[in-house]
Amino acid sequence: MKQKETQTIEEAFEELDGIVEQLERADVSLEESFLIYQTGMKLLKECSEKIDTVEKRMLMMNEDGELSEF
């Protein structure tokens, strides 16, 4: 996994796809799948936080054409 500061949301989603593939494998033990799941949940939380940060920075244009943060 890349360092959190340098990993883009897209890269994190790609990593999450890999985690899902690992969980779908039949040869993964219950303990291993639990650790993989925990890693995925941490990554998902980080993605959610990044998306929240971006949403807070976005600007919305009102009917008068003025920009305001939402």
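This is a short talk on one chain and the way its two helices pack.

Hi everyone, and thanks for having me. Please keep in mind throughout that this is a predicted model.

Let me begin with the overall layout. The chain has two helices and two strands, and reading from the N terminus the order is α-α-β-β. There are 70 residues, and 16% of them are buried. On the surface side, the chain exposes about 5,900 Å², with 55% of that supplied by carbon and sulfur atoms. For those of you who like contact maps: take the contacts with a separation of 6 or more, and 40% of them are between residues 24 or more positions apart.

Now to the helix pair. What do we need in order to describe two packed helices? The angle between their axes and the distance between the axes. Here the partners are H1, residues 9-24, and H2, residues 30-57. Their axes are 10 Å apart, and the packing angle is about 160°. Angles over 145 degrees count as roughly antiparallel, so H1 is roughly antiparallel to H2. As for handedness, the crossing of H1 and H2 is left-handed.

Which residues make this contact? From H1 we have Ile9, Ala12, Phe13, Glu15, Leu16, Ile19, Gln22 and Leu23. Facing them from H2 are Ser33, Ile36, Tyr37, Thr39, Gly40, Leu43, Leu44, Cys47, Lys50 and Ile51. By character, the residues of the contact between H1 and H2 split into twelve nonpolar, four polar and two charged.

Let me pick out a couple of residues, if you have the structure open. Ser33 sits in helix H2. Is Ser33 buried or exposed? The cut-off for buried is under 20% relative accessible area, and Ser33 comes in at 18%, so Ser33 is buried. Leaving aside residues up to four places away in sequence, Ser33 touches Leu23 and Val28. Leu23 is already familiar as one of the H1 residues in the helix contact.

My other pick is Gly18, which belongs to helix H1. Its relative accessibility is 26%, so Gly18 counts as partly exposed. How far is Gly18 from Gly40 in space, C-alpha to C-alpha? The distance is 9.4 Å, for a pair that is 22 residues apart in sequence. Gly40, you may remember, is among the H2 residues that meet H1.

To leave you with one picture: H1 and H2 are packed at about 160°, with a left-handed crossing. Thanks for listening!

Key:
Residues are numbered from 1 along each chain as its sequence is written. This is a predicted model: local features need pLDDT of at least 70, side-chain atom pairs count only at pLDDT 80 or more; totals for chains, interfaces and linings use all residues. Side-chain values use heavy atoms; hydrogens and water are left out. Axes are lines fitted to C-alpha atoms, for helices over the stretch in contact, and angles run from 0 to 180 degrees between N-to-C directions. Helices (H or I, at least four residues) and strands (E, at least two) are DSSP runs, numbered from the N terminus. Angles under 35 degrees count as roughly parallel, over 145 as roughly antiparallel, 65 to 115 as roughly perpendicular and the rest as oblique. A crossing is left-handed if the near helix is turned anticlockwise from the far one by less than a right angle, and right-handed if clockwise. Contact means heavy atoms within 4.5 Å. Ala, Val, Leu, Ile, Met, Phe, Trp, Tyr, Cys and Pro count as nonpolar, Asp, Glu, Lys and Arg as charged, and the others, Gly among them, as polar. Buried means under 20% relative accessible area, exposed over 50%, partly exposed in between (1.4 Å probe, protein chains only). Accessible areas come from the Shrake-Rupley method with a 1.4 Å probe; for residues, only the protein chains shown count as cover.
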